[in-house]
Amino acid sequence: MGSIDRLIGHARARARKPDSPLPAPPRLQAVILTCMDARIDPVSLFGLSPGDAHVLRNAGALATPDVLRSLALSQAILGTREVLVLGHTECGLLGRSEPELAEAIRSKSGHRPGMDVGAFKDLDEAVAGTVEVIRGCKFLAHRGAVHGYVYDIDAGSVRPVGAHEGRAARSNASNPLSLKALSADVLNLKPSRRPQR
Ligand SMILES: [Zn+2]
């Protein structure tokens, strides 16, 4: 039995009608953007219940065009006003290079990706860069409350971005993905056409 069969079996065994219908707008008016890393459980980490928050996940917790699209809709249609960006230690994109990751994809699939995959060298800089991109997204009605945090996988703890070892967050942090490409592609999901590095 594959994992999906097990997952669906579990869902079917637990299926039950909610006691009362939940409204679609998140109760906390907040969005959490974090990495897809399976060791991060936003529900338990933040004590979430169904209906509390939007949770967006991707590799690296990056402000990709689809994340900006989702944030724009979340704020415009479903009333959210705050964004929490949560990067994490031991991220699979940390300390790797774009060519290395592109080659990993090519070697497994036979196709070299024609898009940035989001490698980054500095965790805090990546989180700060993601915050910066979200704050600069003109499609968002609420850009004043975007906050960056880092989840320590080992310690199970959360700290503000830049707040470690007396280090200050870099004000000129740049997002590992192209800000220009993100702005241009936010609502149509075009892959980056930048030449490969
Ligand atoms: Zn990660």
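Here is a short conversation about how this predicted chain is put together.

Student: Before we start, what is the mean pLDDT of the chain?
Tutor: Good place to begin, as this is a predicted model: local features need pLDDT of at least 70, side-chain atom pairs count only at pLDDT 80 or more, and totals for chains, interfaces and linings use all residues. Residues are numbered from 1 along each chain as its sequence is written. The pLDDT is the predictor's confidence in each residue, from 0 to 100. Here 83% of the residues reach 70 or more, and the mean is 87.

Student: Over which residues is the pLDDT below 50?
Tutor: This stretch has 54 contacts in the model beyond near neighbours in sequence, a contact being two residues whose C-beta atoms, placed from the backbone, lie within 7 Å. Treat those contacts with the pLDDT in view: it is below 50 over residues 168-197.

Student: In what pattern do the helices and strands follow one another?
Tutor: Helices (H or I, at least four residues) and strands (E, at least two) are DSSP runs, numbered from the N terminus. The chain has 6 helices and 5 strands. Read along the sequence, they give α-β-α-β-α-β-α-α-β-β-α.

Student: Which strands stand at the edges of the sheet?
Tutor: Two strands pair if DSSP finds at least two bridges between them. The 5 strands form an open, mixed sheet in the order β2-β1-β3-β4-β5. Each edge strand has a single partner, so one side of it is left without a neighbour in the sheet; these strands are β2 and β5.

Student: How many bridges pair β3 with β4?
Tutor: On one side, β3 runs parallel to β1, joined by 5 bridges, with Val31 opposite Val83 and Thr34 opposite Leu86. On the other side, His88 stands opposite Tyr151 in β4. That β3-β4 pairing is also parallel, and its bridges number 6.

Student: How many of the 7 residues of β3 are buried?
Tutor: A residue is buried if 20 or more other C-beta atoms lie within 10 Å of its own, with C-beta atoms placed from the backbone. Across the 197 residues of the chain, 30% count as buried. Strand β3 is largely enclosed by the rest of the structure, because its buried residues number 6.

Student: Which element gives the largest share of the largest nonpolar core?
Tutor: A nonpolar core is a set of buried Ala, Val, Leu, Ile, Met, Phe, Trp, Tyr and Cys residues joined through C-beta atoms within 7 Å. The largest one has 35 residues, and those with the most contacts inside it include Val85, Val127 and Ile134. Among the elements giving two or more residues are β1, β3 and α3. The largest share, 7 residues, comes from α5.

Student: At about what angle does α5 run to β4?
Tutor: Axes are lines fitted to C-alpha atoms, for helices over the stretch in contact, and angles run from 0 to 180 degrees between N-to-C directions. Helix α3 lies across β1, β2 and β3, at about 175 degrees to β2. Helix α5 lies across β3 and β4, and its angle to β4 is about 155 degrees.

Notes. A residue is buried if 20 or more other C-beta atoms lie within 10 Å of its own, exposed if 12 or fewer, and partly exposed in between; C-beta atoms are placed from the backbone.
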